[in-house]
Amino acid sequence: MRDTNFLIGNNAKHVWHPMAHPGEMRANPPRIVEQGEGVEIVDIHGHRTLDGVGGLWNVNLGYSCDPVKDAMTAQLHKLPYYNAFRGTTTSPLIELSYELCEFFKPEGMARTFLTSGGSDSVETCLRLARQFHRANGQPERTKFVSLKKGYHGTHFGGASVNGNPNFRRNYEPMLAGVIHLPAPFTYRNPFDTDDGAIIARKIGAAFEEEIAFHGADTIAALIMEPVLGSGGVIVPHESFFPIMREICDRHGILLIADEVITGFGRAGSECGSRLWGIKPDMMSTAKGITNGYFPLGAAMIGEKLVSAFEDAKGPVGTISHGYTYSGHPIGAAAALATLAEVKRLDVAANAAARGEELLAGLHELASRHEIVGDARGKGLMAALELVSDREKKTPAAKDVVQALYDKTYEEGVMVRTSGNNVIISPCLIIDNSHVARILSALDAGLAAAARKMKGH
Ligand code: PMP
């Protein structure tokens, strides 16, 4: 291992970081995280912070989850890899596929397809949606519908259904035949209301209008996150998912719930679909499935789709899609141990309870800090939106957001900023003292951001 000076000197010099400008990263190198313990991380200078990011919405059980580490180590020694392409499989994969179908049984999931992460799971769902319609005798159903501000990863399919122009512009043209609807966002929307129920109905009406325009028989699927994560933690009204589910059903359109963030407890329920009381046709999952310790994802396939594939005659039923690491035995072992811990610790219930405390605290901060335009969240997904003018909702400038980030870190809490949003997504095993620490560091961070805005 090279020494600290080498690491600091070469930081961001030979690597391009995801979702970042490589020139900016060279000029302002990222913090080097060296160690993780419980719900905390320690940087290369020995500065310890509570991880308010939870890795990247994924280290739900914290950094010291020995059952997962032990399961991975044991599998590494027994069989570090074997493929799951036609003809061979491994025992952790068989067991994991059983457990995942059990876990998502209330959502009507009956099969799983293992992947290497969230983008792969989304891609798998999009592809299988088209194939399902083909196998079902409706090959013209190829289009996808999604939400503006939605995030579905970075493969061409996922990026095409993404609803954030930042992730699209440099890579145009995207996949043809994608229709974007407005986001169910009370703080900013084109409907001139902050009433979530009205917004939900209006988006439903817009969906119906697009269906009439394009023809239902050209649309394969609607893909949505139960709570929009990367778009700034946008929590839809409780009526929204049921409305969209009903419209999909009426028009034979599949509903894909992108549960990459919400999949294993983060939103305060075992999954986002359960939170809203709906059964999707497919679910894309990843992140918390292995507690972030191994890159693994799972596309879940609902009962409704099964026979179209399994009883199909000939190639239309063959899944000509898959990854070298689909069902990687170490990843499968990690996921099995993670699932057991998720259930044993009932992290979904803790996320719900701690999430309520956190949200109440964020509202209290908003009442004292003019710079907070909106505070929102569900479970342990939360955000503060920073503005320079509350009336006009003008997004706060980059250096103001940076001032909050730096001060909060100095105060002992790592948060993530995205545009003018501050995103908070700690490990799901935090207790109320951790919530208090997050709020107190943010309090100091907001004061620093306000000083920056005033030019001090
Ligand atoms: N879908 C959603 C909802 C996500 O939040 C993410 C990642 N943040 C992805 C897909 C892509 O996952 P990955 O980065 O693991 O490819």
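Which of the 14 residues around the ligand come nearest? In this predicted model, the residues that come nearest are Gly117, Gly118, Ser119, Gly153 and Val260, out of the 14 that lie around the ligand. When the shell around the ligand is divided by class, it has 7 polar and 5 nonpolar residues, together with 2 charged ones. The element that gives the most to this shell is helix 6, which spans residues 118–135 and supplies 3 residues.

Helix 6 also leads from the ligand to a sheet, since the helix lies across strand 4, strand 5 (143–147), strand 7 (219–224), strand 8 (254–258), strand 9 and strand 10. Relative to strand 10, helix 6 runs at about 25 degrees. A further helix, helix 9 (residues 240–251), packs on the sheet and touches strand 7 and strand 8, and its direction makes about 145 degrees with that of strand 8.

The sheet that contains these strands is open and has 7 strands in the order 4-10-9-8-7-5-6, with mixed pairing. At its edges stand strand 4 (109–115) and strand 6 (178–181), each of which pairs on one side only. On average, neighbouring strands of this sheet are turned by 20 degrees against each other, if direction is ignored. Within the sheet, strand 9 (residues 282–285) and strand 10 (residues 297–302) run antiparallel and are joined by 4 bridges. One of the residue pairs can be named, as Thr285 has Ala298 in strand 10 as its bridge partner.

In general, the strands of a sheet pair through backbone hydrogen bonds, and this pairing may be either parallel or antiparallel. Both senses can be followed in another open sheet, which is formed by 4 strands in the order 1-2-3-14 and has mixed pairing. Its edge strands are strand 1 (33–37) and strand 14 (413–414), each pairing on one side only.

The antiparallel sense is found between strand 2 (residues 40–43) and strand 3 (residues 48–51), which pair over 3 bridges. Among the residues involved, Glu40 has Leu50 in strand 3 as its bridge partner, while Ile41 is partnered by Thr49 in strand 3. Strand 2 and strand 3 form a hairpin with 4 residues between them, and Gly46, which lies in the turn, has a positive phi of about 85 degrees. The parallel sense, by contrast, is found between strand 3 and strand 14, which are joined by 2 bridges. Here Leu50, the bridge partner of Glu40, stands opposite Val413 in strand 14.

Methods. Residues numbered from 1 in each chain as written. Predicted model: local features only at pLDDT ≥ 70, side-chain atom pairs only at ≥ 80, totals over all residues. Near = placed C-beta within 6 Å. Nonpolar A, V, L, I, M, F, W, Y, C, P; charged D, E, K, R; others polar. Pairing = 2+ DSSP bridges. Axes fitted to C-alpha atoms, helices over the stretch in contact; angles between N-to-C directions. Contact = placed C-beta atoms within 7 Å.
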